[in-house]
Amino acid sequence: MERGQTLKMAKILLVSLNTYEYPYPVYPAGMSAVSAALKRAKHEVLQYDCMFPEKTIEQTVKDFNPDIAGISVRNIDNEDSLSADSRWSGDKAKNIVSAVKSAKNIPVFLGGAGFSVAAKEFLDYTKADFGVVGAGEVPVTNLIEDILNANIRGRIYSSNQVSYIEPDIEQKLLRKYSDAGGILGVNTKRGCAYSCAYCSYPLIDGKFFSGFDAAATVKYIKRLENEYGVKEIFFTDSVFNDSSGFARTLCEEMIRQKTKIRFAAYFNPANGSKRDMELFRRAGLFAAECGSDAASAETLKALNKPFTFKEVEDFQNMCDEMKIPCAHFVIFGGPGESEESVDEGLENLKKLENGVVMVFSGIRVHYGTRIHEMALAEGKIGKSASLLKPFYYFSDKIDADAMNKKIERSFRGNRKRIFPPEKGEEMMKTLRRFGYKGLLWDTLVKAE
């Protein structure tokens, strides 16, 4: 049977599993995009958010009486080697699958970024029936159609088709996130053309950048601004200012349509020209986050980062000059790390005086990445080793405990240096208690 021939409709329950609040509560934009796609296909959809549940999942199933349920797993864990076991999503997903099926024995599928990094293992562990890898709008619609027509084409569905569909935002739920200090994510493109050693994003979402129509994206942003009262958003693209130039087109369109909304995004410091940054700021840029990832020449090279630390430093200086708060996420302990590179890295980070630096210890290993290949080649894990639960790569040249203590000593007394990650979580909770909302880390820059 060809796609699109069915006229069968279904009641579909979509569940967002994510309850992480650090660094801030994140509205389930992925679930809302899939909801919009399914509604376009004339299905009836109910969105259920585990962050702000109005009733139990069992009662929701009984009341809504769905034909099919889908569960979005945004994070498999928190990628923090010092507290990963306590933030693992596997059991939570398994319990939700069980609860849905206990209330009504219906097909259940999993999706989301966290699920996608270990799809088959996640399915086996949770006992879900199907899975969707990568962007879900097209493959979820295909899966539902196949289930209704008893024409299943596999256990795991995916699609390379890029399809922009305006997300199905629920105003009541959005207000809850706003009241809790959250920020809404907006995606403007798919994929990533870079090949950082630790990252599974290109494997899941495509190895090239594919931007959505700028006018349509800005139309959605204007709607968020005018109908929902949204004042700040975060562009969740893997890299906002990639070399394709799409960010410039988008910001020019934002200026043309006179948006007032402010935005933050992920930046590649090597692409941060002053001309572009001035354009972005005119369009509403209020903060920049850099996946700097390493702080020494050797470790940057080992992670296959497409820039040098000098370019990181130059980007920070430019942000300082333009009064744009800038944060850097840095990993110590990865391939090539040694006592000498740790010392070099800590000295280099001092050059980012006005930047907020958030540090992680060790690199979470995911299937299909270069770090996974390194771990196999170095005998750190075996070919049959499961990566469903967290496993972290550490260089053999360093003692992780000693390295962590050295980082803490170097950062002591500097509120813009955050390590271990739990320190940042406590800082964010304190800021929220004082009524701060949004990114929060940018207040550390503004306060001085």
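**Getting started**

How many helices and strands does the protein have? There are 18 helices and 17 strands, taken as DSSP runs numbered from the N terminus (helices: H or I, at least four residues; strands: E, at least two). The model is predicted, so local features need pLDDT of at least 70 and side-chain atom pairs pLDDT 80 or more, while totals for chains, interfaces and linings use all residues. Residues are numbered from 1 along each chain as its sequence is written, and side-chain values use heavy atoms, leaving out hydrogens and water.

**Overall build**

The C-alpha atoms fill a box of roughly 60 × 55 × 40 Å along the principal axes. Of the 448 residues, 56% count as buried, meaning under 20% relative accessible area with a 1.4 Å probe, protein chains only.

**An open sheet**

Let's look at one sheet. Its 6 strands pair in parallel, in the order β2-β1-β3-β4-β5-β6; two strands pair if DSSP finds at least two bridges between them. At the edges sit β2 (44–49) and β6 (156–157), each pairing on one side only. Strands β1 (residues 11–16) and β3 (residues 68–72) are joined by 5 bridges, and L14 has G70 in β3 as its bridge partner.

**Helix α17**

Now for α17 (residues 421–433). Its 13 residues should span 18 Å at 1.5 Å a residue (counting one less than the number of residues), and the end C-alpha atoms are 19 Å apart, which agrees.

Which residues of α17 are buried? They are P421, G424, E425, M427, M428, L431 and R432. Seen down the axis, they fall within an arc of 165° (using directions from the helix axis to the C-beta atoms), so they line one face of the helix. Just after α17, G435 takes a positive phi of about 95°.

Note on methods
Buried means under 20% relative accessible area, exposed over 50%, partly exposed in between (1.4 Å probe, protein chains only).
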